[in-house]
Amino acid sequence: MFISNLIAIFEKYFLYKAHTPEHQMDFLQHQLADIIDFATLRGILKYNQRGKLVHAPIALKPFSIPSSVLRRIQRQTPVFNQLMLEVSKDREFLLEHLIPVAQTDPFTQTLLSIQSNEVTQLYSMSIARNDYFLSPMPDETLQPKQVEFNTIATSFPFLSTQVCDLHQTLYKNMDIHRQLVPNDPLTRIVQAIAQAVRYYDYPGSQMLMVVQPEEQNIFDQRAIEYYLMRDHGILTLRLPLDVIADQGRIKNGHLMVDEKIIALTYFRSGYAPDDMNSEKSIRGRKLIESSSTIKVPDISMHLAGSKKIQQVLTQYEYLKRFVAGNESGEILSTFVGMHHLDEMVSVENKKCTVAELAIRFPQKYVLKPQREGGGNNFYGLEIPNVLESLTKDQRQAYILMEHIQGVEHHSVLLVNHQISEVSCVSEVGCYGIILADDDNILMNEDAGYLVRTKSSDQNEGGVCAGYACLNSLVFSD
Ligand code: ADP
Ligand code: MG
């Protein structure tokens, strides 16, 4: 089957879908092998839990977004980058809000124990992602509502670049092709890393990528390594934290691993308790932090991205410390309610805590502990049991967030070689890069997008965990 035939099939699928949806689904089913070949050709791959190489889950129908909404969230990316940089530099603020969390959350305690007053790096850098759902409003417009700002191990810059390229081929001769929103976060991230390594200015220095020993999403990481070498001549070492503890040392302030100077350390691990579950792996993390390597992110930026800090920043009195007045209004309008569990609210003229309210109306909330990487939140009827089991001290380590209802749409999902057409919601993330020295911001930009489309009855959003499919954007106007 030639590409042109495949395009014709997609064209027919969308043209005739309204008349004969079942027939067209049949038609599409037959072309699965072709689509998977093209996805494989582009490296849209992962390892599954049994170590077998498989295609990553892909949505075949792009998500429609009004251009004004996309521009708006893209405009917000540099504002958020800078906000989080400022927060990460405010040690007192971080400690004030995270020490109570750490009392009952050993992982936050570990992270805090790594943080110190000493400034070890000349440059601060973050490769982050700001995730939103688009919520339908009563006036039928779509409002972006923030799910989370991720400051560590933001994945899929390569796979999302490739999925956009795949869609561009599949829809080559169709109207939809003109509306596809180009996307290449990979190139921007690789360029930014190369730029930071040049600022570090040590001949022959390398990048260290901190990885989990059994990573399924490895090609998304390998692509960064490959293009960094191919386009910028910079080599990468890929190691987990415990091996870094064994093989690393500090020489004149530099981090040295395997006798190579490490200009920049990029974390694709270190965000989950399992990544730091031994004395040795914690020692590896501390070694990195105490050296002059540019940490993406450093421990303070990691902590700034915690759910507790996100909740605190939804309050204007805290947000205004870090963001100018004219920018805070727009930012605040993308926040939904976030609360600490003992916050008092008024319902029907009676006062109660937010936790009591969430026990009565669990569907309205998401209960979040201080964890990253997906699969840790509680939804709907899970919430009351957890809330009732927590002691007063343990409650400090959780936050309650209003449940966001994303706009529903139909998409065609390709998961494990099977396709299905389902009602979906899509989460749009904007990659953001910031690089700064002590006095100046040297780079601060929006670097492209990630779309994860999932069945609307699914709560969590992870792609490798099998909840969501990688997608791209089309302008709806
Ligand atoms: P993690 O850092 O572990 O990825 P997130 O807070 O980003 O945790 O939540 C994981 C997923 O759960 C999100 O990608 C999203 O799909 C869903 N989710 C999180 N918060 C909300 C919310 N307030 N409303 C609806 N869905 C949410
Ligand atoms: Mg996250």
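Let me start with the magnesium ion, ligand 2, which in this predicted model is coordinated by Glu148 and Glu372 through OE atoms and by Asn150 through OD1, at 2.1 to 2.2 Å. If you follow these donors along the sequence, their spacing reads E-x1-N-x221-E. Glutamate 148 belongs to strand β6, residues 142-150, while glutamate 372 sits in the loop between β16, residues 365-369, and β17, residues 378-379, so the pair ties together parts of the chain that are 224 residues apart in sequence. Are these two glutamates, 148 and 372, buried or exposed? Both of them are buried.

One of the donors leads us a step outward from the metal. The side chain of asparagine 150 makes a polar contact, at 2.9 Å, with the side chain of aspartate 131, a residue that lies in strand β5. Aspartate 131 has a relative accessible area of 3%, and because the cut-off for a buried residue is under 20%, we count aspartate 131 as buried.

Now to ligand 1, around which there are 21 residues, with Lys368, Glu372, Gly374, Tyr379 and Ile404 coming nearest. Glutamate 372 therefore deserves a second look, because this residue, which is in the loop between β16 and β17, is listed among those that come nearest to ligand 1 and is also a donor to the magnesium ion. Which polar side-chain atoms lie within reach of the oxygen atoms of ligand 1? For lysine 368, a polar side-chain atom is 2.6 Å from an oxygen atom of the ligand; for tyrosine 379, an N or O atom of the side chain is 2.7 Å from an oxygen of ligand 1; and for glutamate 427, the corresponding distance from a polar side-chain atom is 2.8 Å. As for cover, the protein takes up 95% of the 540 Å² of accessible area that ligand 1 has on its own.

The shell around ligand 1 divides into 6 nonpolar, 6 polar and 9 charged residues, and at least two residues of that shell come from each of β6, β16 and β18, the last of these being residues 398-402.

Two of those strands, β16 and β18, also appear in an open sheet of 4 strands, whose order is β13-β18-β16-β17 and whose pairing is antiparallel. Its edge strands are β13, residues 338-340, and β17, each of which pairs on one side only. Between β16 and β17 there are 2 bridges, in the antiparallel sense, and here valine 366 stands opposite tyrosine 379 in β17, the tyrosine whose side chain we have just placed 2.7 Å from an oxygen of ligand 1.

Finally, I would like to turn to strand β20, residues 418-436, which is mostly covered, with 14 of its 19 residues buried. What does β20 pair with? With β5, residues 124-136, it pairs in the antiparallel sense over 10 bridges, and there alanine 128 stands opposite glycine 432. With β19, residues 409-415, the pairing is again antiparallel, over 7 bridges, with histidine 409 opposite cysteine 424; these two strands form a hairpin with 2 residues between them, and asparagine 416 in the turn has a positive phi of about 50 degrees. With β21, residues 441-455, β20 pairs in the antiparallel sense over 12 bridges, isoleucine 434 standing opposite asparagine 444, and this hairpin has 4 residues between its strands.

Terms used:
Residues numbered from 1 in each chain as written. Chains lettered and ligands numbered in written order. Predicted model: local features only at pLDDT ≥ 70, side-chain atom pairs only at ≥ 80, totals over all residues. Heavy atoms only, no water. Donors = N, O, S within 2.8 Å, 3.2 Å for Na, K, Ca; no water. Buried < 20%, exposed > 50% of the residue type's maximum accessible area, 1.4 Å probe, protein only. Near = heavy atom within 4 Å. Polar contact = N/O pair within 3.5 Å; in protein donor to acceptor, adjacent residues only side chain to side chain. Areas by Shrake-Rupley, 256 points an atom, 1.4 Å probe, with all protein chains shown as cover. Nonpolar A, V, L, I, M, F, W, Y, C, P; charged D, E, K, R; others polar. Pairing = 2+ DSSP bridges.
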